[in-house]
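Hello,

Here is the structure I promised to pass on to you. Have a look at it first, and below you will find my notes on what turned up.

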Amino acid sequence: MNLLNYLLKAIGRVMLTFSRRNQFKYRLNDLSLWGLKVNNNGNLSVNGVDFLELADCYGSPLMVVNCEKLIKDAKEIQQALKHAPDGSQITYSYKTNCIPGILKQLHNIGIGAEVISPYELWLAEKLNVFGNKIIYNGVNKTDESISSAIRLGLLSINIDHMNEIDRIYNIAKQMDKPVRVGIRLGLSNTSQFGLSIPDGEAMAAYRKIKSLSDYLHFNCIHFNTTSNSKTDMVHSQCACEALNFIAKIKEDNGNVPEFLDIGGGFGVPTTKNMSGFEYGIYRLFGALPVPPDPMAFQGIDLTISRIIMNIKKKCFELNLPVPKLIIEPGRFVTSRSEFLLSRVLTIKKKHDGTCYAITDAGRLSTTFPCDFEYHEVFIANRPHAALKNKYNIMGRICTSADWMFKNRYMPPLSNGDILAVMDAGAYFSSYSSNFAFPRPAIIMIKNGVAHVIRRTESYKHLTAMDTVWN
Ligand SMILES: *Cc1c(COP(=O)(O)O)cnc(C)c1O
């Protein structure tokens, strides 16, 4: 037991040494990756708006959206779709960042909605997204939401499991309105989603849909298998597997679907998902993984064009017509254009030298993705200052599990410093919680002017659904 402890400690020390070296060597210093600059005062700024002024004016923690960058990234992936057949579609994954003020910007430039819950479907309708620009995925589709989907005439309801088929059919029949459906393929054994090809589920689903074709119009094959991919590799491979399945459908005397929906998972150069190994090491020893290498990122235009090239090649081999493409990007569209400002409340140094920086944000309320992803963080008034001291950067909830970063090298921190956590535009708001504190406001900077797109939650809001008051 003692030996094991000793060994673990020794391994931990080695891991922490590596982590220190990597943080110094591979720090992401290029602010243009996020469309940010340093202004004349030496502070971080977004389109001429100073980060410190934002924190002073609106308080902290604060989520800030850079509208120009949001539109730039959204248009880049829209442009990349020019390689795809006419009629191909891009639907933004609502679960990635479901803030109406952000979604509206995306819908304004013609991007559709990919929803995974009755609430998200309701929101897409409320934001006036046309039914034929909405994809409905997810494992928990209520009868009520299926009725809405049929009424709205969605682009496709993608079936996740067998018993959805009868439910959708019965509702469509009752409403006497046909509905377009797709099949979600479960191409990975490590997740619960979709219908498996080797187990025969996917083919059984197809035959069942075909037997109910008076109300169910089969028009889509869907998969979503990866996250934060830096290249086209996984999408290309999965697309080929999906096309093999479509070829089997064709042999089965079937009609080939109009759309191939290859899901989301398109990555960004500025964050990375920790591997299982890295996550374990971070948990066990607090050793942060190597930062992402922006050069490993293939670029979205090349990624999409390669996927389409591979689809065309495969279709030629299998003698299939090239399907129209649907992509459901989330992270790629919104990750880099939003960041989180939080204030350092105090610094505590323990007798063994461990430094804690206490902030008003934290993993349990605002930065949950920092649990399993690498994120860059800057001090707003000296973003390029040299790294020096090691900190455990903590949150405001009273539990030792509320860290934002463990063993993170930073320039020396002082009380009142504003930290800017990058890439808060993917999954930060979605995972955020009101654990002991209301959730923060969200500001959008557009043409150099700040607009509040979501107000800070109030205490009244937090207790609005409690019945003790009436
Ligand atoms: C989460 C999700 C996406 C978006 O994933 P990103 O990694 O944010 O691009 C797309 N489609 C489905 C079905 C999803 O569940």
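Let me start at the ligand, where the side chain of Lys95 brings an N or O atom to 2.6 Å from a ligand oxygen. Two backbones take part as well: a polar backbone atom of Arg331 lies 2.9 Å from an oxygen atom of the ligand, and for Gly330 the corresponding distance, again from a polar backbone atom to a ligand oxygen, is 3.0 Å. On its own the ligand has 390 Å² of accessible area, and the protein covers 92% of that. There are 15 residues around the ligand, and those that come nearest are Lys95, Gly265, Glu328, Arg331 and Tyr427. Please keep in mind as you read that this is a predicted model.

Next, a strand to look at: β5, which spans residues 89–93. Is it mostly covered or mostly open? Five of its five residues are buried, so β5 is mostly covered, buried here meaning under 20% relative accessible area. β5 has two partners that I can point you to. With β6 (residues 112–115) it pairs in the parallel sense over three bridges, and Ser93 stands opposite Glu114 of β6. To get from β5 to β6, the chain passes through helix α4 (residues 100–108), making a right-handed β-α-β crossover. The other partner is β13 (residues 324–327), which runs parallel to β5 and is joined to it by two bridges. In that pairing, Ile90 is the residue opposite Ile327.

Now to the charged side chains. How many salt bridges does the structure hold? The count is 19, and here are a few that I would look up on the model.

Asp166 and Lys208 meet through their side chains in a salt bridge, at 2.8 Å from N to O. This pair links distant parts of the chain, with Asp166 in helix α7 (residues 163–175) and Lys208 in helix α8 (residues 201–211), 42 residues apart. Asp166 has a relative accessibility of 34% and so counts as partly exposed; Lys208, at 28%, is also classed as partly exposed.

Helix α8 comes up again in the salt bridge between Arg207 and Asp252, whose closest N and O atoms are 2.9 Å apart. Here Arg207 sits in α8, while Asp252 belongs to the loop between α9 (233–251) and β11 (259–261), and 45 residues separate the two. Arg207 is partly exposed, with 45% relative accessible area, and Asp252 is partly exposed at 27%.

The pair I would show you next is Arg283 with Asp371, a salt bridge of 2.3 Å from N to O. The two lie 88 residues apart: Arg283 is in helix α10 (residues 276–285), and Asp371 is in the loop between β15 (355–359) and β16 (373–374). Is Asp371 buried or exposed? With a relative accessible area of 4%, Asp371 is buried, whereas Arg283, at 37%, is partly exposed.

Finally, try selecting Lys69, Asp73 and Arg336 together, as these residues are linked in a network of salt bridges.

Enjoy exploring it, and write back whenever you like.

Best wishes

Conventions. Residues numbered from 1 in each chain as written. Predicted model: local features only at pLDDT ≥ 70, side-chain atom pairs only at ≥ 80, totals over all residues. Heavy atoms only, no water. Buried < 20%, exposed > 50% of the residue type's maximum accessible area, 1.4 Å probe, protein only. Helix = DSSP H or I, 4+ residues; strand = E, 2+ residues; numbered from the N terminus. Pairing = 2+ DSSP bridges. Right-handed = clockwise from strand over helix to strand, strands pointing away. Salt bridge = Lys/Arg side-chain N within 4 Å of Asp/Glu carboxyl O. Near = heavy atom within 4 Å. Polar contact = N/O pair within 3.5 Å; in protein donor to acceptor, adjacent residues only side chain to side chain. Areas by Shrake-Rupley, 256 points an atom, 1.4 Å probe, with all protein chains shown as cover.
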